[in-house]
Amino acid sequence: MSNDFRRIVLFFSLTLNVVLLISTATAQSCEGKCGEKLDTCSCQSTCGSLGTCCADVKQFCLDISPHSGSMLGGTDFILLNRVFHQSDTILCRFKASAETKGHVDAGGVGHCISPLLYETGWIPFEVLINGVTKGWGTWLSVHHSKLAPRFKITLVNATQWQYYGTPNTGGTLHMTWNSSLIYTDKVNVELWGYNETGEQYSESWTAEWQYLYSVRKAVPNTGAFSFVPNPAADPYWRWEMGSMRVSPSSDTDGRRDVNALWSGAHALAWHLEQAFRGDSARWATAKCLAWDATEERLPDFLSEVPDCPCTLVQARADTGRFHTDYGCDMEKGSKCTYHPGSVHCVRAIQASPKYGAGQQCCYDSTGAQVLTGDSTGGSTPDRGHDWGSPPYEKPPRIPGLSHWKYDVLSFYYCCLWSDNCQYYFKHRPSSDCRTYTPPQAGTVLGDPHFITFDGSAYTFNGRGEYYLLSSPDKGLFVQGRTEAVKLENGNLARATRLSSVAMRENSSDVIEVRLTARPNTLEVLRNQEVLSFAEQSWMDLQGVFVFSATAENVSVMFPSGAGVEVRAREATMTATVLLPLEFTNHTQGLLGRMNDDPEDDLISSDGQSFDASQSRPEDLFRFGSTWAISNETSLFTYDSPYLQDAYLSSPKHDPGFVPAFSLPETPGDPLLSDMLKMCFGNGVSFCKYDTLVTRSLRMGNATMRAFQSHAALTKDLTAVVSCGFLPAPARGEKEGWVYLDGAELTFSCPRGQVLFGSQQRTCQESGQWSGTATHCVSDNMQAIILGSVGAMTALVTLLAAITFYNRRLKREREEKRNETVTFTL
Ligand SMILES: *[C@@H]1O[C@H](CO)[C@@H](O)[C@H](O)[C@H]1NC(C)=O
Ligand SMILES: *[C@@H]1O[C@H](CO)[C@@H](O)[C@H](O)[C@H]1NC(C)=O
Ligand SMILES: *[C@@H]1O[C@H](CO)[C@@H](O)[C@H](O)[C@H]1NC(C)=O
Ligand SMILES: *[C@@H]1O[C@H](CO)[C@@H](O)[C@H](O)[C@H]1NC(C)=O
Ligand SMILES: *[C@@H]1O[C@H](CO)[C@@H](O)[C@H](O)[C@H]1NC(C)=O
Ligand SMILES: *[C@@H]1O[C@H](CO)[C@@H](O)[C@H](O)[C@H]1NC(C)=O
Ligand SMILES: *[C@@H]1O[C@H](CO)[C@@H](O)[C@H](O)[C@H]1NC(C)=O
Ligand SMILES: *[C@@H]1O[C@H](CO)[C@@H](O)[C@H](O)[C@H]1NC(C)=O
Ligand SMILES: [Ca+2]
């Protein structure tokens with residue numbers, strides 16, 4: 001968008017907000033700008049903070065509340081800024097196939113209901129009043145496991161629900177919900193089922209979400225319900241996964257897209273057929289074998305999923321590509337039901353390109369990977385990425401549900417309801433980390449100090465808007481805005497600080513993260529609109545994910561695997577850019593040229609080289625100024641008179657701002673002694689500079705801490721040599737489960753067997769194991785082998801039968817049944 005245009009848009013935005021308050025006949029302000037199709041229209045700013053909602057000239061944007069809800073639908077939301085007549089009929093059209101009926105309540109407030117959508121993210125919708133389109137809005141469809149608990153039905157003791165019918169189970173099932181989210185006194189409790197039919201990976205592969213039956217009608221809407229399942233009377237026992245629904249009793253049974261709450265999808269053990277009740281292990285074994293046969297003929301997705309980070313610290317630091325798995329999170333007490341022995345798991349953020357598959361990586365308390373080759377608690381990749389993936393809509397890319405169908409139910413068949421986990425692990429083995437390379441991180445902190453991707457550090461106190469990173473080859477741009485630091489006495493310091501970061505990758509939404517006037521609070525904008533994280537902390541946006549669990553931390557994740565972490569600390573802002581190896585030789589800007597060589601980092605936009613440690617501060621200032629952006633390339637939003645004045649109509653690099661180039665250190669300064677105590681180590685000069693130039697120990701301290709956390713991040717991201725997983729020899733034992741540089745594995749064979757090859761193998765710096773492959777051969781067999789060539793065939797057969805999974809840790813599986821089962825694997 002050109003800047004002139006943005007300014008016009010802004011003008012209209014202000015106008016429109018005023019108009020909306022006094023009248024409903026608005027939207028003339030879009031005229032001439034917004035006649036295009038929804039996806040190309042760029043006049044969203046005319047709609048104030050209302051999201052992406054552009055339309056034809058006679059239409060207008062609607063704000064709604066709440067803005068988000070379960071992808072399964074049923075959330076009742078209010079249409080704001082408009083008065084309705086009791087006789088009005090309301091229809092919301094999300095997609096051609098997803099229309100829901102709204103209503104006008106007694107107070108004249110218009111409501112609509114969100115529909116079932118097989119996708120997550122911002123979904124535009126159209127509102128028809130009395131059959132005529134009168135407005136547009138956007139709805140945020142949220143994956144069930146990312147939905148705040150208060151918006152869903154809780155199945156009390158999920159373990160009981162999902163094991164019901166296996167030995168020593170039974171009793172009454174309980175569920176609870178927030179009764180104020182259903183607007184009636186009486187509710188119906190229903191069961192809905194999910195299935196995927198048709199030929200996998202063909203056009204005919206489709207999702208099916210179906211009403212099964214009513215569990216109980218006209219239950220008082222108290223927020224709690226209990227029942228004893230009666231499978232004998234249940235004609236739908238073929239359905240193996242689904243959700244409970246609570247909806248107003250005034251609606252007919254099984255009506256779609258009515259005001260409703262849902263439980264997470266779960267394994268419907270409690271309603272399965274009599275044969276399951278009779279002998280659940282046998283029933284499950286048959287299912288497991290059938291699944292095994294299906295998997296045998298489905299395409300291999302394993303080669304497409306990325307390898308895991310080698311260590312827990314790498315996994316937690318590589319935030320552009322991996323995100324906490326909520327089913328096993330050390331920040332939430334490491335309740336790792338499906339991964340006993342692990343303390344933390346992460347998931348690959350992006351689904352694999354061709355098959356939409358997902359990766360999971362789990363770690364134990366020593367920080368080592370937990371692999372299915374050693375433990376039933378090992379991480380398992382997924383045929384369907386749990387979060388789904390664009391373009392959604394069809395299996396295996398339907399968020400949550402496809403993953404349940406292909407990766408979770410089968411785990412119940414093979415591992416939980418029967419003892420056949422080897423089949424599961426055959427098709428879902430953990431990945432080790434042989435091909436993993438950590439990303440490289442560059443950062444801006446304090447009064448801005450820069451540490452490049454290759455680790456050179458310098459200070460640049462320009463005031464303006466600059467490229468932190470420009471990568472035209474990869475389509476990734478990260479821009480930073482700096483402003484003069486205010487001293488406690490109100491004067492402006494001769495230093496600047498980062499105040500906003502704006503970014504985009506190819507045609508993704510533009511994301512801007514900026515400081516607000518409130519302390520330690522960041523604000524996120526998407527395509528010039530403020531995005532609220534009050535309802536949801538995770539957002540699936542166009543070509544980018546944004547996560548913000550607290551107002552002081554924002555993570556932005558791009559499909560390339562690049563990540564941007566923004567932190568608000570004391571009145572300053574820290575931005576860290578993480579780039580995967582593929583960006584090598586493809587970066588320029590203030591964070592330097594990434595190529596493992598710190599010497600050539602600082603190249604001005606006109607091709608001159610500077611040296612971070614040798615160049616004079618004045619020269620570095622000149623270097624930095626060349627990376628100023630322009631009106632045409634700016635990704636920032638100028639939505640206040642201050643921003644328009646100071647950044648839009650002013651030069652992008654302020655030539656009038658001359659910073660302090662040297663430490664303003666004067667003997668006898670009362671700050672000195674505290675400062676010297678506080679500033680130490682490699683961050684000492686940044687810490688001193690910031691303390692003195694801002695006359696604030698707090699600022700200096702914040703800089704010191706930001707510097708230290710960057711140093712810690714860099715350390716966590718250090719590459720580690722891996723020699724790759726080695727199994728125990730067939731019938732033998734292995735001691736050790738670490739496969740990284742310096743690790744040792746010791747092998748042994750049972751009595752009556754002789755060990756061939758190396759008894760001990762060490763992972764060498766070269767990435768190769770020392771020694772040779774280990775085999776256990778029985779004494780008799782050895783005699784035969786030595787005497788007979790024909791028996792070689794027998795040996796080969798024997799060695800081929802190397803078992804995939806070590807039963808040593810089988811007992812862990814029994815233990816985990818006693819824990820609460822969560823809903824993602
Ligand atoms: C949950 O259900 C299981 C199986 O019915 C039972 O053994 C366990 O005691 C229950 N847990 C709680 C906390 O009620
Ligand atoms: C239930 O929902 C209402 C309306 O959204 C909300 O005000 C209330 O805090 C919720 N109660 C609980 C226990 O979450
Ligand atoms: C689910 O789909 C599969 C594959 O089309 C089919 O064989 C099975 O019968 C379906 N299950 C139900 C309960 O409809
Ligand atoms: C914000 O991120 C930092 C790491 O950069 C972390 O230490 C801190 O706990 C996070 N804050 C919150 C409230 O999650
Ligand atoms: C962005 O565009 C560039 C250049 O066309 C391309 O090489 C790159 O793969 C794209 N990035 C992503 C994540 O698709
Ligand atoms: C980066 O460029 C250098 C010099 O041209 C080359 O030697 C190196 O292989 C390149 N690295 C990558 C990862 O492309
Ligand atoms: C950038 O755009 C603003 C507003 O349209 C204008 O005032 C300013 O002169 C432009 N700057 C340049 C360098 O063109
Ligand atoms: C720096 O900040 C940390 C964390 O807030 C605090 O514990 C420490 O006392 C501070 N140090 C100084 C010298 O202010
Ligand atoms: Ca370099």
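I count a residue as near a molecule if one of its heavy atoms lies within 4 Å of it. The model I am reading is predicted.

**Entry: ligand 8**

I looked up which residues are around ligand 8 and found M678, N701 and R705. I then checked the polar side-chain atoms. One on N701 is 2.3 Å from an oxygen atom of ligand 8. For R705, a polar side-chain atom is 3.3 Å from an oxygen atom of ligand 8. I noted the cover next: on its own, ligand 8 has 360 Å² of accessible area, and the protein covers 34% of this.

**Entry: ligand 4**

I repeated the lookup for ligand 4. Its surroundings consist of T550, E552, N553 and R567. By class, I have 2 polar and 2 charged residues in this shell, and no nonpolar ones. N553 places a polar side-chain atom 2.3 Å from an oxygen atom of ligand 4. The corresponding distance from a polar side-chain atom of R567 to an oxygen atom of ligand 4 is 2.7 Å. Of the 360 Å² that ligand 4 exposes when taken alone, the protein buries 41%.

**Entry: helix α4**

I moved to helix α4, which runs over residues 280-297. I wanted to know what span its 18 residues should have at 1.5 Å a residue. The expected value is 26 Å, and I find the end C-alpha atoms 26 Å apart, so the two agree.

I listed the buried residues of α4 as S280, W283, A284, C288, W291, D292 and E295. The cut-off for buried is under 20% relative accessible area. An α-helix has 3.6 residues a turn, so residues three or four places apart point the same way. I then asked which helices the buried residues of α4 pack against. They pack against α3 (274-278), α6 (401-416) and α7 (421-427).

**Entry: S180**

Last, I looked up where S180 lies. S180 is in the loop that joins β11 (173-176) and β12 (186-197). I checked whether S180 is buried, exposed or in between: its relative accessibility is 47%. Buried ends at 20% and exposed starts over 50%, so S180 counts as partly exposed at its 47%.

I also recorded the side-chain contact of S180. Its partner is the side chain of N178, in a polar contact at 2.8 Å. Finally I took a C-alpha to C-alpha distance from S180 to T222: 9.0 Å in space, with their positions 42 residues apart in sequence.

Notes
Residues numbered from 1 in each chain as written. Chains lettered and ligands numbered in written order. Predicted model: local features only at pLDDT ≥ 70, side-chain atom pairs only at ≥ 80, totals over all residues. Heavy atoms only, no water. Polar contact = N/O pair within 3.5 Å; in protein donor to acceptor, adjacent residues only side chain to side chain. Areas by Shrake-Rupley, 256 points an atom, 1.4 Å probe, with all protein chains shown as cover. Nonpolar A, V, L, I, M, F, W, Y, C, P; charged D, E, K, R; others polar. Helix = DSSP H or I, 4+ residues; strand = E, 2+ residues; numbered from the N terminus. Expected span 1.5 Å × (residues − 1). Buried < 20%, exposed > 50% of the residue type's maximum accessible area, 1.4 Å probe, protein only. Contact = heavy atoms within 4.5 Å.
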